[in-house]
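Okay, thanks for coming, everyone. I'd like to take a few minutes on the cysteines and the charged pairs in this one, so have a look at the screen.

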Amino acid sequence: MMQGSRLLLLLVLVAASVRFSRAQAAAKRINCGGQAYRDSEGNNWMPDLYYQGGTTYENTDEGISGSVDDILYQTERYAPADGPNLRYDVPVTPGVYQVRLGFSENYGKSQKQNARVFHVIIEDILAFKSLDIYSEAGNLGNRKAEMSFEVHAVGGNIGIEFVPEKGNPKVNTIEILPVSAKQAPHPDITAVLDVRGEPRPLGRPWADSYSVGDKCYCLTTYDHDIEGVYVETPLGWMTVIQACEIVGPGPGHQGRPLYNTVQCGHGPANNAGDEHTCPGRTDMGREGCGHIGPKWQFDVTVDSALTVVPAAKPPSTKPSKPTRSRFTLNAGGTDDDGKLVVEES
């Protein structure tokens with residue numbers, strides 16, 4: 001009888017532990033600057049917790065377009081100009097999470113382009129550089145804008161820091177959603193490879209391309225001797241820099257899947273070494289290294305300013321200075337090593 005009681009107690013403790021574990025891995029939603037709230041879809045939002053620095057602001061005079069839960073976007077936490085950076089450290093269990101940040105520009109003087117610009121660093125990864133939430137909302141005030149980023153949390157928290165560039169950084173909502181290991185990859189992904197995934201990629205600073213649907217766009221500074229490497233394309237053999245100029249800069253990488261190689265995981269790899277073991281996504285931790293996106297698409301014909309080698313095999317020598325086409329990429333914002341520079345003010 002005693003053994004049966006102990007077994008029953010053990011089963012109860014195990015069940016409680018499983019329930020606790022599941023609760024810890026559940027989605028977390030923070031109403032920044034506001035109170036607890038249950039939204040129109042039945043999701044529970046906790047009051048403003050886990051923050052360091054900043055102060056609150058509320059504007060309930062205007063409705064919020066793009067949202068049926070205006071109350072979530074009428075309150076915010078922002079960082080005053082004379083204070084420390086605004087930061088949240090949200091407790092989670094180790095795993096892969098999607099971090100969704102919600103914004104609405106409700107302050108009249110900031111309802112214009114370049115009035116409020118800041119960087120967002122998630123788990124020491126530069127997730128969003130020079131984020132202008134007014135522009136992200138289609139140059140409209142009192143309108144919802146949402147940015148999302150996948151991250152691998154290895155510790156007990158997910159850190160989110162807002163670094164000012166111009167004006168005061170702010171945030172209206174934070175959602176942290178666990179990503180199931182069985183969840184389908186991003187719809188842009190065409191293949192998932194079994195690669196070593198070492199070392200751990202660091203988000204945007206490592207990215208050399210991004211995808212939008214079935215198209216791949218370059219996001220590279222041509223570091224580590226990649227610009228003069230020849231690649232075979234439907235238009236003939238050409239250098240990486242020529243290929244990137246033809247596909248163009250695209251609509252912008254914010255909120256898009258980011259990749260380590262210049263062709264969304266398809267290579268070619270540069271000579272740094274890491275792209276051979278981690279060709280795929282850089283914004284998911286090691287798990288994303290094998291996530292491969294679409295290839296380049298060439299939607300234009302080659303103009304006379306572009307030197308193409310219509311050969312069966314690549315030239316034996318690389319040009320000392322690759323011939324550029326009439327297309328121009330604007331990489332910008334990098335240091336000599338091709339890494340993004342973020343200066344705290």
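One term before we start: when I call a residue buried, I mean that its relative accessible area is under 20%. And keep in mind that this is a predicted model.

With that cut-off, Cys216 and Cys264 are both buried. They're also bonded to each other: a disulfide joins them, with 2.2 Å from S to S. Where do Cys216 and Cys264 sit in the chain? Cys216 is in strand S17, while Cys264 is in the loop between strand S20 and helix H4, so to speak a link between distant parts of the chain, 48 residues apart. The torsion about that S-S bond is about 100°, and therefore the disulfide of Cys216 and Cys264 is right-handed.

Let me back up to the overall picture. The protein chain has four helices and 21 strands. Of its 345 residues, 46% count as buried. If you take contacts between residues at least 6 apart in sequence, 72% of them join residues at least 24 apart. The accessible surface comes to about 17200 Å², and carbon and sulfur atoms account for 49% of that.

Back to the cysteines. How many disulfides does a search of the whole structure find? Three. You've met one of them, the Cys216 to Cys264 link.

Another is formed by Cys218 and Cys244, with their sulfur atoms 2.1 Å apart. Cys218 is in strand S17 and Cys244 is in helix H3, 26 residues apart, and again the pair links distant parts of the chain. Is this one left-handed or right-handed? The torsion about the S-S bond of Cys218 and Cys244 is about -75°, so it's left-handed. Cys218 has a relative accessible area of 4%, which means it is buried, and Cys244, at 0%, counts as buried too.

Then there's Cys278 with Cys289, S to S 2.0 Å. Both of these cysteines lie in the loop between H4 and strand S21, eleven residues apart. The link has -80° about the S-S bond and is left-handed. Why do we call Cys278 buried? Because its relative accessibility is 0%, and Cys289 is at 0% as well.

If you count the bonded cysteines along the chain, the pattern is 1-4, 2-3, 5-6. Oh, and Cys32 is buried too, at 0% relative accessibility.

Now the charged pairs. The structure holds seven salt bridges. One of them is between Asp48 and Arg77, where the closest N and O atoms are 2.7 Å apart. Asp48 is in the loop between strands S3 and S4, Arg77 is in strand S6, and 29 residues separate them. Are Asp48 and Arg77 buried or exposed? Both are buried.

Strand S6 also carries Glu76, and its partner Lys170 is in strand S13, 94 residues apart. Their side chains meet in a salt bridge at 2.6 Å, N to O. Lys170 has a relative accessible area of 0%, so it's buried, and Glu76 counts as buried at 2%.

Glu105 and Arg116 make a salt bridge too, with 2.7 Å between the closest N and O atoms. This pair is in the loop between S8 and S9, eleven residues apart, and both residues are buried. Finally, Arg87, Asp89 and Glu161 are joined into one network by salt bridges that share partners.

That's it from me.

Key:
Residues numbered from 1 in each chain as written. Predicted model: local features only at pLDDT ≥ 70, side-chain atom pairs only at ≥ 80, totals over all residues. Heavy atoms only, no water. Helix = DSSP H or I, 4+ residues; strand = E, 2+ residues; numbered from the N terminus. Buried < 20%, exposed > 50% of the residue type's maximum accessible area, 1.4 Å probe, protein only. Contact = heavy atoms within 4.5 Å. Areas by Shrake-Rupley, 256 points an atom, 1.4 Å probe, with all protein chains shown as cover. Disulfide = S-S within 2.5 Å. Salt bridge = Lys/Arg side-chain N within 4 Å of Asp/Glu carboxyl O.
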